[in-house]
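Please open the structure in your viewer with a cartoon representation, and keep a selection prompt at hand. The tour below moves from the whole chain to single residues, one selection at a time.

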Amino acid sequence: MLFVCMLMSFSAMAQDTKPKASPAAKAEGKIGDVNVTVNYSSPSVKDRNIWGGLVPYGQVWRSGANEATTVTFDKDVMVEGQKLAAGTYSFYTLPSEEEWTVIFNKKAKQWGTQYDEKEDALRVKVTPRKSGQMNERLKYDVTKEGLLLSWENLEVPVKITASK
């Protein structure tokens, strides 16, 4: 019996060492005097057609993999000129070829596909742009201008400033 338990323990440990297809990632930084943290899972391109393919146009996307991507602000902010209170939000997008809707949803602790529009705290429009480089993995950056989502050959900037 002891041997069986040890064998199962070793088997479980071996499974834990296998890299995840979409590993957890974090982006942190300051926008003005606001501390910003983005927690997300980072999928890879893997020779797939991302925009308009894996991520369909015209459908809400969890903007990552697995659990919903979350964005935390420790102070009130202005997102694309609209006020958003301090807090933690799930982060969704509604992509199209020319314009994206960026969504901050009040229900932060959820699986990425459990999106409910009634829980939206804020929706804003942004314009995607071609990336200067290929990004195999989805990544977020907190910059002095706001958030930057980058994946494959596309960047999606979201202008964020400290609220006055």
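What follows is a sequence of selections, each with a short account of what is found there.

**The whole chain**

Begin with everything selected, and keep in mind that this is a predicted model. The secondary structure amounts to 1 helix and 10 strands, and, read from the N terminus, the order of elements is α-β-β-β-β-β-β-β-β-β-β. If you colour by accessibility, 40% of the 164 residues count as buried, while the chain as a whole exposes about 9400 Å², of which carbon and sulfur atoms supply 52%. A contact map is a useful companion here: among contacts between residues at least 6 apart in sequence, 56% join residues at least 24 apart.

**The open sheet**

Next, select the strands of the open sheet, which has 6 strands in the order β1-β2-β3-β6-β7-β8 and antiparallel pairing. Its edge strands are β1 (24–31) and β8 (120–126), each of which pairs on one side only, and the twist from one strand to the next averages 25°. As general background, the strands of a sheet pair through backbone hydrogen bonds, either parallel or antiparallel.

Within this sheet, select residues 34–41 and 70–73, that is, strands β2 and β3, which run antiparallel and are joined by 4 bridges. To see how the two strands are in register, show Thr37, which stands opposite Thr72 in β3.

**Val102 in strand β7**

Now select Val102, which lies in strand β7 (residues 100–105). Is Val102 buried or exposed? Its relative accessibility is 0%, and because the cut-off for buried is under 20%, Val102 counts as buried. Once neighbours within four places in sequence are set aside, the contacts of Val102 are Phe91, Tyr92, Thr93, Leu122, Arg123, Val124, Val126 and Val158. For a distance label, join the C-alpha atoms of Val102 and Val60, which are 9.5 Å apart although 42 residues separate them along the chain.

**The nonpolar core**

Turn to the largest nonpolar core, which has 34 residues, and in which Phe73, Val79, Phe104 and Leu147 have the most contacts. Strand β10 gives the most to this core, with 7 residues. Centre the view on Phe73, which, not counting residues up to four places away in sequence, touches Val34, Asn35, Val36, Leu84, Ala86, Gly87, Tyr89, Phe104 and Ile160; one of these, Phe104, is also among the residues with the most contacts inside the core.

**Salt bridges**

Side chains of opposite charge can pair when their charged atoms come close. A search of the whole structure finds 6 salt bridges, and the stops below visit some of them.

Select Asp33 and Lys75 to begin with, a salt bridge in which the closest N and O atoms are 3.4 Å apart. Asp33 belongs to the loop between β1 and β2 and Lys75 to the loop between β3 and β4 (77–79), so the pair ties together parts that are 42 residues apart in sequence. Both partners are partly exposed, Asp33 with a relative accessible area of 42% and Lys75 with 36%.

Move on to Glu155 and Arg129, whose salt bridge has its closest N and O atoms 2.8 Å apart. Because Glu155 lies in strand β10 (residues 146–162) and Arg129 in strand β9 (residues 129–143), the pair ties together parts that are 26 residues apart in sequence. Here the partners fall in separate accessibility classes, since Glu155 counts as buried at 15% and Arg129 as partly exposed at 41%. Add Glu117, Asp120 and Arg123 to the view, which salt bridges with shared partners join into one network. Within it, the side chains of Glu117 and Arg123 meet at 3.9 Å, N to O; Glu117 is exposed at 52%, whereas Arg123 is partly exposed at 31%.

**A last stop at Ser22**

Finally, select Ser22, which is placed in the loop between α1 (2–16) and β1. Where it sits, Ser22 is buried, with a relative accessible area of 13%. Show its surroundings as sticks: leaving aside neighbours within four places in sequence, Ser22 is in contact with Ser41, Ser42, Pro43, Ala65, Asn66 and Arg137.

Notes
Residues numbered from 1 in each chain as written. Predicted model: local features only at pLDDT ≥ 70, side-chain atom pairs only at ≥ 80, totals over all residues. Heavy atoms only, no water. Buried < 20%, exposed > 50% of the residue type's maximum accessible area, 1.4 Å probe, protein only. Contact = heavy atoms within 4.5 Å. Pairing = 2+ DSSP bridges. Axes fitted to C-alpha atoms, helices over the stretch in contact; angles between N-to-C directions. Salt bridge = Lys/Arg side-chain N within 4 Å of Asp/Glu carboxyl O. Areas by Shrake-Rupley, 256 points an atom, 1.4 Å probe, with all protein chains shown as cover. Core = buried A, V, L, I, M, F, W, Y, C linked by side-chain atoms within 4.5 Å.
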